Each structure stands twice: as structure tokens, then as C-alpha cells.
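The text below walks through a protein model, moving between its strands, loops and internal spaces. Please keep the coordinates open while reading.

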Amino acid sequence: MCGRFAFYSPSEAISKVFGITDVPLIEPRYNVAPTQSVAAIRQLPDSEPKVQMLRWGLIPSWAKDASIGNKLINARGETVHSKPSFRHAFRKQRCLILVDGYYEWRAEEGGKQPYLIKMKSGAPFALAGLWEAWDDGKSDALLHTCTIVTTQPHPALADLHSRMPVIVPFEQQSEWMDPAVTDADTLRAHIKSFDGDVMTWHRVAKAVGNARNDEDWLINEV
């Protein structure tokens with residue numbers, strides 16, 4: 001499961017790492033939680049990829065109630081191609097969710113201990129996401145939402161948690177986002193654990209468990 005993350009890289013870094021121009025100014029976040037807005041790179045048909053804000057918690061287009069999004073913050077990679085809540089988005093509406101690190105909790109003596117997992121290089125990276133546009137039938141604007149695809153952890157990370165988000169390497173990002181790519185086998189090939197040996201992690205304050213806390217010190221090692 002991936003239920004919290006941090007994203008604080010400046011726009012210049014996003015342009016450099018992901019090759020995206022005209023990146024909007026995004027407020028640094030150190031404790032992003034479900035139902036909040038997240039920065040994602042999305043490519044619509046016949047357009048260039050763009051950084052846009054999506055609500056975390058996928059609401060399928062057929063849903064009658066927005067509350068379903070609270071349960072669909074993650075999509076299991078093993079079944080994402082066939083589960084009704086995700087299969088349409090998996091085929092045609094994939095995105096990259098931008099993070100500098102994500103949090104996981106491990107059961108230890110004294111209770112669950114949160115850890116921040118990030119790249120050893122300190123660079124931002126992209127999680128495999130799906131997006132949907134939902135019409136509540138009451139307003140003119142559609143609500144654009146997303147979910148994070150998860151998979152089995154790399155052995156280096158298995159001691160922290162039984163799942164990890166799917167991290168998409170730069171050379172695979174264009175194909176993952178391309179709405180013209182719809183072959184299930186091609187897409188499923190992207191759903192795999194990332195090399196944990198190029199990642200690092202450390203304990204952080206348990207205050208990260210409270211979504212109201214969003215200060216920069218939350219990412220510091222304790």
C-alpha cells in the first residue's frame with residue numbers, strides 16, 4: 001500500500017528530470033494524503049504530456065457516489081487490468097504521479113514506525129498512476145481523480161512493507177502515459193518492483209501519521 005508521500009522539488013527540477021516544459025508552480029508538500037490534490041503528468045490524445053493536479057482517490061466514470069474514491073487510492077498491479085474499477089483507466093488513462101519520497105509503516109516494538117523511502121540520488125521520481133474524469137451530475141466541471149498502482153516489493157524493501165508503488169523509469173514513462181498504447185501485455189510489463197538498491201530509507205517522526213501535519217521537518221531522519 002502507498003498511503004502517504006512527499007513532493008517538494010521545484011519546477012525547474014521537474015522540467016529537467018521528466019523533460020516537461022511549462023511546469024506550473026506547485027506548493028511543496030511533505031505529507032500528501034488521500035483525497036488531496038497531487039501533481040501528475042498526464043497525456044491526453046493528440047497532445048503533449050503536461051503536469052496537472054488530480055485528486056488522489058480514483059472515482060470511476062460510472063460511480064454514483066464520490067465516496068468510492070476513498071477506497072481506491074491504490075490499485076493492485078496483479079489485477080488492475082481486470083478489476084472493473086480500474087480496467088478502463090488501465091487501458092486508456094494512465095499517468096505519472098510525482099514524488100520525492102513515499103512513506104510506509106512497519107510494526108516495531110513500541111508501535112508502528114513510519115519510514116520515508118526515496119532515491120539515493122535525492123531526485124524526484126514517478127509512480128505509475130491511473131486517472132478518471134467523473135461527472136457528479138450537479139456541476140459543469142468534471143472531477144479528475146487518480147490512483148497509484150502497487151506491486152510486490154523489491155527484496156531490499158521487503159522488510160519495510162509487503163507492497164510498494166510501481167516506480168516508472170524515465171525510459172518507460174512515455175509508453176506508460178501514451179493513450180494510444182492499449183495492449184494489456186505491453187502495459188502489464190511495466191508493473192514490476194523497482195530496484196531497491198538505488199533507494200534509501202530512514203525513520204521519520206510519527207507525526208506524519210496525522211494528515212494535518214505538513215511541515216518540512218517531517219522528512220527528517222529521527
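In which strand is Trp-134 found? Trp-134 belongs to strand β9, residues 125-134, where strands (E, at least two residues) and helices (H or I, at least four) are DSSP runs numbered from the N terminus. The model is a predicted one, in which local features need pLDDT of at least 70 and side-chain atom pairs count only at pLDDT 80 or more, while totals for chains, interfaces and linings use all residues. Residues are numbered from 1 along each chain as its sequence is written, and side-chain values use heavy atoms, with hydrogens and water left out.

Is Trp-134 buried or exposed? Trp-134 counts as buried because its relative accessibility is 8%; buried means under 20% relative accessible area, exposed over 50%, and partly exposed in between, with a 1.4 Å probe and protein chains only. Leaving aside neighbours within four places in sequence, Trp-134 is in contact (heavy atoms within 4.5 Å) with Ile-59, Pro-60, Ser-61, Ala-63, Lys-64, Asp-65, Ala-66, Leu-142 and Leu-143. Gly-19 is 115 residues from Trp-134 along the chain, and their C-alpha atoms are separated by 29 Å.

Strand β9 leads on to strand β10. The two pair in the antiparallel sense over six bridges; strands count as paired if DSSP finds at least two bridges between them. Strands of a sheet pair through backbone hydrogen bonds, either parallel or antiparallel. Trp-131 has Cys-146 in β10 as its bridge partner, and Trp-56 also stands opposite Cys-146. Strand β4 (residues 50-56) pairs with β10 in the parallel sense over two bridges. Strand β5 and β10 are likewise parallel, over three bridges, with Arg-76 opposite Thr-150. Strand β11 (residues 164-165) pairs with β10 in the antiparallel sense over two bridges, and there Thr-151 is partnered by Met-164. As for cover, β10 spans residues 143-151, and seven of its nine residues are buried.

Thr-151 appears again among the contacts of Ile-191, together with Gly-77, Val-80, Phe-90, Val-149 and Val-166, not counting residues up to four places away in sequence. Ile-191 is found in the loop between α4 (184-188) and β12. Its relative accessible area is 14%, so Ile-191 is buried. The C-alpha atoms of Ile-191 and Val-168 are 8.5 Å apart, with their positions 23 residues apart along the chain.

Another group of strands forms an open sheet of five, in the order β2-β1-β7-β8-β12, with antiparallel pairing. Its edge strands, each paired on one side only, are β2 (29-32) and β12 (199-203). Direction ignored, neighbouring strands of this sheet are turned by 30° against each other on average, the axes being lines fitted to C-alpha atoms and the angles running from 0 to 180 degrees between N-to-C directions. Within the sheet, β7 (residues 101-108) and β8 (residues 111-119) run antiparallel and are joined by seven bridges; Arg-106 stands opposite Gln-113 in β8.

Two loop residues other than glycine have positive phi. Asp-22, with phi near 55°, lies in the loop between α1 (11-18) and β2. Asp-22 counts as exposed because its relative accessibility is 73%. Thr-35, with phi near 80°, is in the loop between β2 and β3 (37-42). With a relative accessible area of 39%, Thr-35 is partly exposed.

The spaces in the model come last. On a 1 Å grid over the protein atoms alone, a cavity is a set of points where a 1.4 Å probe fits but cannot get out; a pocket is an open set with protein on both sides within 12 Å along at least five of seven lines; and lining residues have an atom within 4 Å of a point. The largest pocket holds about 250 Å³, a volume being the space filled by probe spheres set on points joined across faces, edges and corners. It has 15 lining residues, and the closest to its centre are Phe-18, Gly-19, Ile-20, Pro-49 and Met-177. Helix α3 (residues 170-177) gives the most to this lining, with four residues. The second largest pocket holds about 170 Å³; strand β5 (residues 74-76) gives the most to its lining, with three residues. Arg-76 and Thr-150 are among the residues that line the second largest pocket. The largest cavity has about 40 Å³ of space, and its lining includes Tyr-102, Ile-117 and Met-164.
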